[in-house]
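Me: I have a structure open that I have never looked at before, and I'd like to go through it with you. Could you take it slowly?

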Amino acid sequence: MWNLRIDVATAEVVAALRERGVESVVLKGPALADWYPPDSGRTYVDGDLWVAPAAVAVAETVLSELGFAPTLDESGLPEWWQEHGSSWFREQDRGKIDLHRRLQGAGAEPAQTWELLWRRSEPLTIAEIPGRRLDTAARALYVTLHAAHHGVGDTRGWPHLVAALAAVDLEGWGRALELATTLDALDSFSAGLALLPAGEALAARLNVPAVSSVNATLHAAAPPPLALGFEQLAAASGIRRVQILCRKVVPPAGFVRHWWPPAAKNRPLLLVGYLYRPLWLLLRAPAGYRAWRAARREVKSSR
């Protein structure tokens with residue numbers, strides 16, 4: 001029943017987007033149903049919709065008009081800090097939609113990624129509403145990138161990868177590898193497959209290159225806080241590095257309210273959140289630095 005509720009909400013958004021001239025792709029949920037047996041008992045908590053980068057603003061407006069609200073206020077949040085998507089929630093029916101602005105792990109321009117994979121989409125019916133999903137190879141690529149992004153031990157990622165490894169044949173995975181190469185997603189593709197023994201065996205059969213990215217290595221390892229931030233600083237230079245550091249220490253108010261929930265109660269607690277932020281960073285910096293250095297050594301030794 002919960003899946004049906006999410007499907008109905010997803011279908012409502014898909015139809016509303018199409019009325020505004022925006023096409024969307026359902027990434028998970030019902031889009032992966034044929035990889036699972038009917039009695040699997042699989043449940044999902046939200047609907048994942050991907051739209052073209054140029055259509056994100058319209059899609060956000062549509063979600064607002066349908067009664068959804070973002071769970072994180074991204075006002076003032078730099079583009080380099082924004083996640084691959086935003087989460088939207090509607091109180092009246094507990095509906096939740098994850099609106100994807102790009103695919104995690106793909107290094108190609110988001111518009112290029114959308115154009116290529118949209119051409120590979122196929123029909124999907126959600127709660128009697130026509131929609132679209134990725135084709136088999138593109139879905140195999142996506143669930144692998146998704147698993148790599150969430151990392152080892154995170155149940156949001158690996159079950160879909162397990163299902164894909166059982167359902168997709170070698171030819172389909174070969175096409176997924178070709179897509180990963182085209183979309184500059186080889187590192188995340190390799191890191192995702194390496195999460196499971198069956199994935200490692202498949203990677204060996206396909207001659208998938210070893211991971212050469214510290215960022216992909218860190219994501220797959222589910223690192224402690226700040227480890228990815230150290231890699232972000234290492235990749236920047238000059239004034240850009242200073243800007244990143246300053247923004248991490250003094251983020252926008254919307255981020256502070258989400259990061260430290262008491263700050264959302266009132267302005268005095270918001271001030272406390274800003275004062276607490278540098279201390280939080282200092283306390284977690286050593287573990288994050290060690291994880292980052294370990295990832296760098298791992299990548300260096302694999303070359």
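Reply: Let me start with a term we will need: a residue counts as buried when its relative accessible area is under 20%, as exposed when that area is over 50%, and as partly exposed in between. Please also keep in mind that this is a predicted model.

Me: Okay, so are W81 and F255 buried or exposed?

Reply: Both of them, W81 and F255, are buried.

Me: And how are the rings of W81 and F255 arranged?

Reply: The ring centres of W81 and F255 are 4.5 Å apart and the planes meet at 40°, so this pair is classed as tilted. The pair joins distant parts of the chain, since W81 sits in the loop between β3 (69-70) and β4 (85-90) while F255 belongs to helix α12 (residues 253-259), with the two positions 174 residues apart in numbering.

Me: How many aromatic pairs are there?

Reply: The count comes to eleven aromatic pairs. Another of interest is that of W259 and Y276, whose ring centres lie 5.6 Å apart with planes at 25°, so the pair is stacked. This pair too links distant parts of the chain, with W259 in helix α12 and Y276 in helix α13, 17 residues apart.

Me: Why is W259 called buried, and why does Y276 count as partly exposed?

Reply: W259 has a relative accessible area of 18%, and because buried means under 20%, W259 falls in that class. Y276 has a relative accessibility of 27%, so Y276 counts as partly exposed.

Me: Which residues form one aromatic cluster with W259 and Y276?

Reply: W260 and W280 join W259 and Y276 in one aromatic cluster.

Me: Switching to the inside: which members of the largest nonpolar core touch the most others?

Reply: That core has 63 residues, and L117, W173, F189 and L193 touch the most other members. Helix α4 (residues 136-150) is the biggest contributor to this core, giving eight residues. Apart from it there is another core, made of nine residues, and W81, F255, W259 and L281 are among them.

Me: Why would side chains like that gather inside?

Reply: As a general tendency, nonpolar side chains in soluble globular proteins are buried together.

Me: What does L193 touch?

Reply: Leaving aside residues up to four places away in sequence, L193 touches T144, L161, L165, W173, G199, E200, L202, A203 and V208.

Me: New topic, pockets. How much space lies in the second largest one?

Reply: The second largest pocket holds about 280 Å³ of space. It is lined by 17 residues, of which A191, V211, T217, A220 and E298 are the closest to its centre.

Me: Which helix gives the most to that lining, and what classes of residue does the lining have?

Reply: Helix α13 gives the most to the lining of the second largest pocket, with six residues, and α7 (186-193), α9 (214-220) and α13 (267-302) each supply at least two. By class, the lining has 13 nonpolar, three polar and one charged residues.

Me: Last thing: what is phi for E128, and where is E128 placed?

Reply: Phi of E128 is near 70°, which is a positive value in a residue other than glycine. E128 is placed in the loop between β6 (121-126) and β7 (129-134), and at 75% relative accessibility E128 counts as exposed.

Me: And what about N207, what is its phi?

Reply: For N207, phi is near 60°, again a positive value in a residue other than glycine. N207 lies in the loop between α8 (197-206) and α9, and with a relative accessibility of 66% N207 counts as exposed.

Notes
Residues numbered from 1 in each chain as written. Predicted model: local features only at pLDDT ≥ 70, side-chain atom pairs only at ≥ 80, totals over all residues. Heavy atoms only, no water. Core = buried A, V, L, I, M, F, W, Y, C linked by side-chain atoms within 4.5 Å. Buried < 20%, exposed > 50% of the residue type's maximum accessible area, 1.4 Å probe, protein only. Helix = DSSP H or I, 4+ residues; strand = E, 2+ residues; numbered from the N terminus. Contact = heavy atoms within 4.5 Å. 1 Å grid on protein atoms, 1.4 Å probe; cavity = no way out; pocket = protein on both sides within 12 Å on 5 of 7 lines; lining within 4 Å. Points joined across faces, edges and corners; volume = space filled by probe spheres on them. Nonpolar A, V, L, I, M, F, W, Y, C, P; charged D, E, K, R; others polar. Phe/Tyr/Trp six-rings, centres within 6.5 Å; stacked < 30°, edge-to-face > 60°.
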